[in-house]
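Reader: I am new to this structure. Please pick one part and take me through it closely, in short sentences.

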Amino acid sequence: MITTELVFVRHGEAQCNIDGLVGGPRTCTGLTNLGYDQVERVALRLAAEHRAKPFDALHASPRIRLRQTAEIISQALRLPLHTDDRLDGPVHGAADGLPWTDVKAAADGGPHAHPDKPWAAGSDTWNGYLERAGRLLQGLIEQHEGDRILFAAHGETVLVAHTLLLGIPPGSSAGFTVSHASVTRWQHHRNRLGQRRWMLDRHNDTEHLAALTQEAAS
């Protein structure tokens, strides 16, 4: 029996992604036209799910690309949107707005390369971010026990969920691809003996974007 369900939708393509910039709160200008198209496709898919088995809540951070993604989903599902600053991605500090290539060169790699060191002045450490965001996600899971929860999420939020629910040790060099407008689903199962465990039902599912990809290729 499935009790709690967590569904993460990464935001659509954003302008900062195209420009290769660290898209912190000072730099994010929102989705590209393709990003809007991607989110509209995933919103249609989620609306069909919602009609069959309603979601109970929709959460997002206030970052522009996240808010735009969540507002499209909220309108399609007619589900109220809850924004929470604590759901924002890692703090980038002085790196906000800089080219990722420059940031990675100066830090000898990206955030994951040296997980206990900041990648810029005033930034998080990767392990510090995972711990902080993991505590928040655990709290939301407890708050919404028995519900179907939908998140318009940063790719990093999906990594937090995997780290928390798979019990991945700090500093692990393993990673996951998280594509724009992809769907990732975690389900909490309880068997007839009352035993419980989290199961990853799907990761980085972009089936709903297939037609969009074909259009771009033609």
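Author: What follows is a close look at the sheet, then at what is linked to it or lies around it.

This is a predicted model, in which local features need pLDDT of at least 70 and side-chain atom pairs count only at pLDDT 80 or more, while totals for chains, interfaces and linings use all residues. Residues are numbered from 1 along each chain as its sequence is written, and side-chain values use heavy atoms, with hydrogens and water left out.

Start with the layout. The sheet is open and has six strands, in the order 3-2-4-1-5-6. Its pairing is mixed. Strands (E, at least two residues) and helices (H or I, at least four residues) are DSSP runs, numbered from the N terminus. Two strands pair if DSSP finds at least two bridges between them. Strand 3 (81-83) and strand 6 (196-205) stand at the edges. Each has a single partner strand, so one side of each is left without a neighbour in the sheet. From one strand to the next, the twist averages 20°. Such angles run from 0 to 180 degrees between N-to-C directions, with axes fitted as lines to C-alpha atoms.

Now take strand 5 (residues 183-190). On one side, strand 5 pairs with strand 1 (residues 2-10). The sense is antiparallel, over six bridges. Val9 has Val183 as its bridge partner, and Leu6 has Trp186. Strand 5 also pairs with strand 6, again in the antiparallel sense, over seven bridges. Here Gln187 is matched with Met199. Strands 5 and 6 form a hairpin, with five residues between them. Gly194, in the turn, has a positive phi of about 80°.

How well is strand 5 covered? Mostly: six of its eight residues are buried. Buried means under 20% relative accessible area, exposed means over 50%, and partly exposed lies in between (1.4 Å probe, protein chains only). In a regular strand the side chains alternate between the two faces of the sheet.

A charged pair also links strands 1 and 5. Glu5 and Arg185 form a salt bridge, with 3.2 Å between the closest N and O atoms. Glu5 lies in strand 1 and Arg185 in strand 5, so the pair ties together parts that are 180 residues apart in sequence. Both residues are buried. A salt bridge here is a side-chain nitrogen of Lys or Arg within 4 Å of a carboxyl oxygen of Asp or Glu. The whole structure has 13 of them.

Two other salt bridges are worth a look. One joins Arg132 and Asp124, with the closest N and O atoms 2.4 Å apart. Arg132 is partly exposed, at 31% relative accessibility. Asp124 is buried, at 13%. Elsewhere, salt bridges that share partners join Glu5, Arg45, Glu49, Arg148, Arg185, Asp201, Arg202 and Asp205 into one network. The other one connects Glu71 and Arg67, at 3.8 Å from N to O. These two are four residues apart in helix 3 (residues 64-77), so about one helical turn separates them. Glu71 is partly exposed, at 36%. Arg67 is partly exposed too, at 32%.

Next comes helix 5 (residues 126-143). Its 18 residues should span 26 Å at 1.5 Å a residue, and its end C-alpha atoms are 26 Å apart, which agrees. The expected span is 1.5 Å times one less than the number of residues. Among its buried residues are Trp126, Tyr129, Leu130, Leu137 and Ile141. What covers the buried residues includes strand 1, strand 2 (57-60), strand 4 (148-153), helix 6 (155-166) and strand 6.

Asp108 sits in the loop between helix 4 (100-106) and helix 5. Asp108 is exposed, at 57% relative accessibility. Not counting residues up to four places away in sequence, Asp108 touches Ala113 and His114. Contact means heavy atoms within 4.5 Å. The C-alpha atoms of Asp108 and Trp119 are 8.6 Å apart, with the two residues eleven apart along the chain.

Last, the cysteines. The count of disulfides is zero, where a disulfide is a pair of cysteine sulfur atoms within 2.5 Å. The sulfur of Cys16 is 4.9 Å from its closest cysteine sulfur, in Cys28, and that is too far for a bond. Cys16 is buried, at 4%. Cys28 is buried as well, at 5%.
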